[in-house]
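Let's take a friendly walk through a protein chain, going from its strands to a few residues that deserve a second look. Have the sequence and the 3D view open as you read.

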Amino acid sequence: MLQIKCPCCGPRDHDEFRYAGDASVGRPAHTDADFERWYRYVFVRENPAGAHREYWQHVMGCRQWLIVERNTVNHTILSVNFSRGTPA
Ligand SMILES: [Zn+2]
């Protein structure tokens with residue numbers, strides 16, 4: 001079972017967390033009217049084999065938003081840090 005080391009609560013099973021998407025994608029500015037940029041933000045995602053930055057929330061614990069860097073090949077957790085906000 002995958003374990004995530006929450007900076008507040010310590011190591012916990014991933015069942016306590018909710019995956020919330022790719023943390024490497026930047027949201028376009030609210031005033032940006034470029035259709036292609038919004039299309040890519042909403043629908044187009046990379047599917048990397050290797051390190052991937054992801055938003056996770058510790059919903060069954062402290063409810064903190066985290067940025068987890070996970071190796072998608074072997075599910076090794078490379079780092080866990082507080083997110084500066086909620087996913088856009
Ligand atoms: Zn926690």
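Strand β4 (residues 51-57) and strand β5 (residues 65-71) run antiparallel and are joined by 7 bridges. You can find one spot in this pairing by looking for His 52, which stands opposite Arg 70 in β5. What you are looking at is a predicted model.

Strand β4 also pairs with strand β3 (residues 18-22), again antiparallel, here through 3 bridges. In this pairing, Arg 18 stands opposite Gln 57 of β4. As a general rule, strands of a sheet pair through backbone hydrogen bonds, and they do so either parallel or antiparallel.

Which order do the strands of the open sheet have? The order is β3-β4-β5-β6, which makes an open sheet of 4 strands with antiparallel pairing. Its edge strands are β3 and β6 (77-82), since each of them pairs on one side only. On average, neighbouring strands in this sheet are turned by 30 degrees against each other, with direction ignored.

**The whole chain**

Now zoom out. The chain contains 1 helix and 6 strands, and along the sequence they follow the pattern β-β-β-α-β-β-β. The C-alpha atoms fill a box of roughly 40 × 30 × 15 Å, taken along the principal axes. Of the 88 residues in the chain, 10% count as buried. Among the contacts with a separation of 6 or more, 49% are between residues 24 or more positions apart.

**The nonpolar core**

Which residues make up the largest nonpolar core? There are 7 of them: Ile 4, Cys 6, Phe 17, Tyr 55, Trp 56, Leu 66 and Val 68. The elements that each give two or more residues to this core are β1 (3-6), β4 and β5.

Trp 56 is a good residue to click on. Leaving aside residues up to four places away in sequence, Trp 56 touches Ile 4, Phe 17, Arg 18, Tyr 19, Ala 20, Leu 66 and Val 68. Several of these names should be familiar, as Ile 4, Phe 17, Leu 66 and Val 68 also belong to the core.

**A residue in an edge strand**

Ile 77 lies in strand β6. Is Ile 77 buried, exposed or partly exposed? Ile 77 counts as partly exposed because 16 other C-beta atoms lie within 10 Å, while a buried residue needs 20 or more and an exposed one has 12 or fewer. Apart from residues up to four places away in sequence, Ile 77 touches Ile 4, Lys 5, Val 68 and Arg 70. Between Ile 77 and Pro 48, which are 29 residues apart along the chain, the C-alpha atoms are separated by 15 Å.

**Two loop residues with positive phi**

Most residues other than glycine have a negative phi. Here are two residues with a positive phi, although neither is a glycine.

| Residue | Phi | Loop | C-beta neighbours within 10 Å |
|---|---|---|---|
| Arg 63 | about 70 degrees | between β4 and β5 | 10 C-beta atoms |
| His 75 | about 65 degrees | between β5 and β6 | 11 C-beta atoms |

Why does Arg 63 count as exposed? Arg 63 is exposed because it has 10 C-beta neighbours inside 10 Å, and the cut-off for exposed is 12 or fewer. His 75 is exposed too, because 11 other C-beta atoms lie within 10 Å.

Methods. Residues are numbered from 1 along each chain as its sequence is written. This is a predicted model: local features need pLDDT of at least 70, side-chain atom pairs count only at pLDDT 80 or more; totals for chains, interfaces and linings use all residues. Two strands pair if DSSP finds at least two bridges between them. Two residues are in contact if their C-beta atoms, placed from the backbone, lie within 7 Å. Axes are lines fitted to C-alpha atoms, for helices over the stretch in contact, and angles run from 0 to 180 degrees between N-to-C directions. A nonpolar core is a set of buried Ala, Val, Leu, Ile, Met, Phe, Trp, Tyr and Cys residues joined through C-beta atoms within 7 Å.
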